[in-house]
Each structure stands twice: as structure tokens, then as C-alpha cells.
Amino acid sequence: MAASDRMVLGPLVGAIDQGTSSTRFLVFNAKTAELLSHHQVEIQQKFPKEGWVEQDPKEILKSVHECVERTCEKLQQLNIDITNIKAIGVSNQRETTVVWDKTTGEPLYNAIVWLDLRTQSTVERLLKRIPGKNKAFFKFRTGLPLSTYFSAVKLRWLLDNVEEIRQAVDDGRAMFGTIDSWLIWSLTGGKNGGVHCTDVTNASRTMLFNIHSLEWDPELCQFFDIPMEILPKVRSSSEIYGLMKICPSLKSGALTGVPISGCLGDQSAALVGQMCFQDGQAKNTYGTGCFLLCNTGQKSVFSEHGLLTTIAYKLGRDKPVCYALEGSVAIAGAVVRWLRDNLGIVKTSQEVEKLAAEAGTSYGCYFVPAFSGLYAPYWEPSARGIICGLTQFTNKNHIAFAALEAVCFQTREILDAINKDCGIPLNQLQVDGGMTNNKVLMQLQSDILCIPVVKPSMPETTALGAAMAAGAAEGVGIWSLNPGDLTAVTCERFEPQINPEESEFRYARWKKAVMKSMGWETSEAPSNGAGK
């Protein structure tokens, strides 16, 4: 039976999906895009000081090995031959910054996560060197405003504050990378010949990359005072970077010799996985944060309304680069994790849906989860989280409902910005990510946007995008990205069920709450030992 099964399945592609809150390895059938098996491991986030967010790069790497091994075991139990896995793609949380020692293979500090705020004083210091303290000074070169969010300022902080890193740079031992680079280098041999590379989508989130010339920008590196020799080589999102090697310390080697041939930042990967290849197609991913990307094709569009210009993908060495407008929200799923881990009002993330459904309304309570300041469209680092409109009647169900509503309102703000920048309003929203399993949230989202929300029945679109890029790479060639060959996806639709007037009223109240969250934090005020 096994032999006939194997014949039917044909080539498979694996995808490493390394997110902020968990790592997954998923295996897809390259011909049908069907998900065959996967394994997931939650990742610990460390908060050593207020506003600081770190992760252990070795724990991240170990979680990848564990997910790969477990998934391969599950496939073997299903009688699927793992030698059919012909390629591996990587998708990753973006901007998160790692510096490691290329001679020992050891990280020189914890990874500084994209959400981390310790660099606020670094940003303010850098702003003083810019004419008119203009945050958007590098926008036309990088697509990004100067913010704590991007890798360059995190790397600057590491060079300023960690003696081991300064020493390693002086000795020529240091390597910098976002999570994709750390994983690819480690998985292709590490200190024994590992490949130090990144792709254009991840590079475009560092603030050191020129999104037009597609190269590291010497002037930007000079401005941030970053030595260019520690940067990875930038490649396309779909080509063979190197082969998986055995990792002796972890006895992991089920996929030794398989090419790693796809690499996309998680939001770009979701755009590909949602098949948004046409100019004007958009998707919203609900993960730790919330990210709405709209494909603008081969032209870079610069926002007048607080959106980022980012690289969507470059699916092959000789293929054109495509751009996207992006609305980034820092806190989406993270607010649910916060209700669970910090307030303890739920034991599992799934319970939030139940509480919200019981309430059916926030009863005038509004929750602005500006834990890391506000991202798009405000870019206001001084904001902090608030819950307002509380009365003696308010209970935990209302707060749970307000938390879900906050995710929807933040998405509405971004959608408004995209509609203004593009001039053509979206008539429906394609969604994906872990939170889309929450039906209350999806219905709320449709009600607040006043347009249908469309969710693919296979929500793992980020991993699917990475698998597509890997399978389509030159030298692998087992996944066709021709529009005619892409499999039609079955979807669930959520239609608006409230009248637009009520939706507008609630949205106006939300905006009032956002204004109250701003200007809360000043960097001058002494805070609880939160660094410089």
C-alpha cells in the first residue's frame, strides 16, 4: 500500500514558519497544495525590563529542529515517504535582530524582537542628526519611517551596549541577520560552511536596504554606523541558497541534503500564499500583530497616510521585484496572549471567543492595546495601552469583546489608509493567520469594515507561500506559479450584519480612545530601570 501511496503523492515541499509566538514546520503536496502534516512549538518571549522583548536564538533554532523531526515522524506514521520532500522554504517574523559569532556558531546576545522598545532613545538620538528631525527622511530609499520597529536601530543598540558584540565586530567574527539569516546559516552548516544570506523581503525591513537598487545602501550604513561586512548577502525569495546539513548536537538530520530554496518575511509569504499576485490584491494576516499588505506590482507606491512601502517578493533571480503597501499593527493576537498570561482572565486563547460571544457587545468599553506604542497609521511611540469607558457594569466578558474589537478597529484604520493611497476601495478583505479561527472576530471584522471578509479553509497561508517559493525555485521546479496552474481555494465568507451607521458610531468612539492613548510616555521621565 505504501508504494502506491507514494506514487500518488508525488513531490512534497516543507515550510519552516518561524513566528513571534511559535515555530511550525508544515509539509505540502506540491501538485495540490494540500497540507499533509505539521508540528508546532510555542516560543518563549522574555521581558527583562519594561518595553524590552527578547527571544533566545538557540531556543528558536532548537524549536525548528524539533518541528522538522516531529513532522517527519508524523509523515512516516501516515505512510508518506519523507524522501519525497524535495525543497524547504523559510518564512519568519521580520525585523527581529540576531548577532552571532561565526567561529563558534553561538549568538552573542538574545534576539531583539520587532516589538521591542528599548531603542526609543536611540531613535531620538538619530533623529537629531536628520534635517528637521524628519522621521520620513529615508522613506523614498527604504519605504520606512525611522522607528524602533526596524532592525537598523536594534543593531545600533547592540553595538552601543553589548561589549561582546563590539569585540566580535572588531575581530571580524560577528554576523548580523534577521531570523531567516540565522536559521539558514545554522541549517546549512553553521560554523562549518553555513550560508550567510537573506532575501529581498527581509532585507527591506532593516532600514539599511535600498528598495530600488536592491542592495545594502552604503550611506544608510554610514548613518547608522553599521559595518557592512557583518551584513548577509541579499538574494531573491526563490532560489537554492544551500542544502540542509545534519546538526550533530541535536542528532537532527531527517532532511539532510534537501535544498533550502525559498525565503520570505512572514507577511510577504502570506501575500504569496493568498495568491495576491495581481496589482491591487490585498490580504490581512492576524498573528501576534496584524499586517495588511496590498500588492502594487512592479512600482513602489509611497503612502501619504502612514503606510510602509515594502518589497512583496522577487520570485527568482531573473524575475522582477514586486512591491506592496503595508499597514502594520503591533498588537493583535498579542492582546489575547496578554489577557491569558498577564491578567489571567482566560486559561486558553480560545476562551476569549467564548467570553466575547457571551457579552455580544463591549458595552461602551474601548481597549487600545498600544503596548509598544502605535504603529500604522500613527507611528506614535509615546502611546501606551488604555482601557476606557469602564462602568460598574463592565466585566471580563466586555473587556474580552473590546480586545477583539480593537483588532478590528486597527484593521479598519489601515484599510482606510490603503483605500486613500490606492484610490480604489477594496470590496472584500482576504484574511489569514491563527486568529482567523475565531468566528466572533471574523464577523466583527466584517461588521466594522462594512465589506465581506473572506477566509481560506486552509489558514496556513504564510507557510504555503514559503513552500510555493521553495518549490518553484530554479533547480527544484516542482511547483508552478502560473495563474492557470494555481489551485482554487475553498473559502468561508463573513458578510456585514450591522447597519453602517452603528459601525461608524463605534469607529468614531474608537478614534476618540486612540487620541487618549497618545503622548503618555516621555523618554525623559524616570521609568523602572528600563535602560538608558
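Start by selecting E492: this residue is partly exposed, with a relative accessible area of 28%. You're looking at a predicted model, so everything on this tour is computed from its atoms.

**Stop 1: the E492 salt bridge**

Keep E492 on screen and add K439. The two form a salt bridge, with their closest N and O atoms 3.6 Å apart. The contact links distant parts of the chain, since E492 belongs to strand β23 and K439 to helix α14, 53 residues apart. K439 also counts as partly exposed, at 45% relative accessibility.

**Stop 2: the sheet around β23**

Now widen the selection to the sheet. Which strands form it, and in what order? Seven of them make an open sheet with mixed pairing, ordered β17-β18-β16-β15-β21-β22-β23. Show 308–313 (β17) and 491–494 (β23) to see the edges: each has a single partner strand, so one side of each is left without a neighbour in the sheet. From one strand to the next, the twist averages 30°.

Go inward to 282–286 and 429–432. These are β15 and β21, which pair in the parallel sense over 3 bridges. For a landmark in that pairing, pick N284, which stands opposite V431 in β21.

Next, add the helices. Select 439–449 for helix α14, which packs on the sheet and touches β15, β21, β22 (453–456) and β23. The direction of α14 makes about 55° with that of β23. Then select 396–422 for helix α13, which lies across β15, β16 (290–297), β18 (322–329) and β21. Against β16, helix α13 runs at about 15°.

**Stop 3: backbone oddities**

Time to colour by torsion. Most residues other than glycine have a negative phi, and most peptide bonds are trans. Here are some exceptions to click on.

- A376 to P377: the peptide bond is cis, with omega near -5°. P377 sits in the loop between β19 (366–368) and β20 (386–388).
- E95: phi is positive, about 70°, although this residue is not a glycine. Look for E95 in the loop between β5 (85–92) and β6 (97–101).
- K133: another non-glycine with a positive phi, about 50°. K133 is in the loop between α3 (120–127) and α4 (139–142).

Of E95 and K133, which is buried and which is exposed? E95 counts as buried at 1% relative accessibility, whereas K133 counts as exposed at 52%.

**Stop 4: charges**

Stay on E95 and add R94, R205, D266 and E326. Together, these residues are linked in a network of salt bridges. Across the whole structure, a search finds 33 salt bridges. Two more are worth a click.

Select E42 and R337. Their side chains meet in a salt bridge at 3.5 Å, N to O. E42 is in strand β3 (residues 35–42) and R337 in helix α11 (residues 333–341), so the pair ties together parts that are 295 residues apart in sequence. R337 counts as buried, at 18% relative accessibility, because the cut-off for buried is under 20%.

Then jump to E106 and K58, whose closest N and O atoms are 2.8 Å apart in another salt bridge. Here E106 comes from the loop between β6 and β7 (111–112) and K58 from helix α2 (residues 57–77), 48 residues apart. Both partners count as partly exposed: E106 at 34% relative accessibility and K58 at 41%.

**Stop 5: rings**

Finish with the aromatics. The whole structure has 27 aromatic pairs. Try F137 and F138: their ring centres are 5.2 Å apart and their planes are at 75°, so the pair is edge-to-face. F137 is partly exposed, with a relative accessible area of 41%, while F138 counts as buried at 7% relative accessibility.

For a bigger selection, take W114, Y149, F150, F291, Y375 and W379, which ring pairs link into a cluster. Keep F291 and bring back R94 from the charge network. Where does the charged end of R94 sit? It sits over the ring of F291, 5.2 Å from the ring centre.

Last click: R118 and W157. The charged end of R118 sits over the ring of W157, 4.7 Å from its centre.

Definitions and conventions: Residues are numbered from 1 along each chain as its sequence is written. This is a predicted model: local features need pLDDT of at least 70, side-chain atom pairs count only at pLDDT 80 or more; totals for chains, interfaces and linings use all residues. Side-chain values use heavy atoms; hydrogens and water are left out. Two strands pair if DSSP finds at least two bridges between them. Helices (H or I, at least four residues) and strands (E, at least two) are DSSP runs, numbered from the N terminus. Axes are lines fitted to C-alpha atoms, for helices over the stretch in contact, and angles run from 0 to 180 degrees between N-to-C directions. Contact means heavy atoms within 4.5 Å. Buried means under 20% relative accessible area, exposed over 50%, partly exposed in between (1.4 Å probe, protein chains only). A salt bridge is a side-chain nitrogen of Lys or Arg within 4 Å of a carboxyl oxygen of Asp or Glu. Rings of Phe, Tyr and Trp (its six-membered ring) pair if their centres lie within 6.5 Å; planes under 30 degrees apart count as stacked, over 60 as edge-to-face and the rest as tilted. A charge sits over a ring if NZ of Lys or CZ of Arg is within 6 Å of the ring centre and within 35 degrees of the ring normal.
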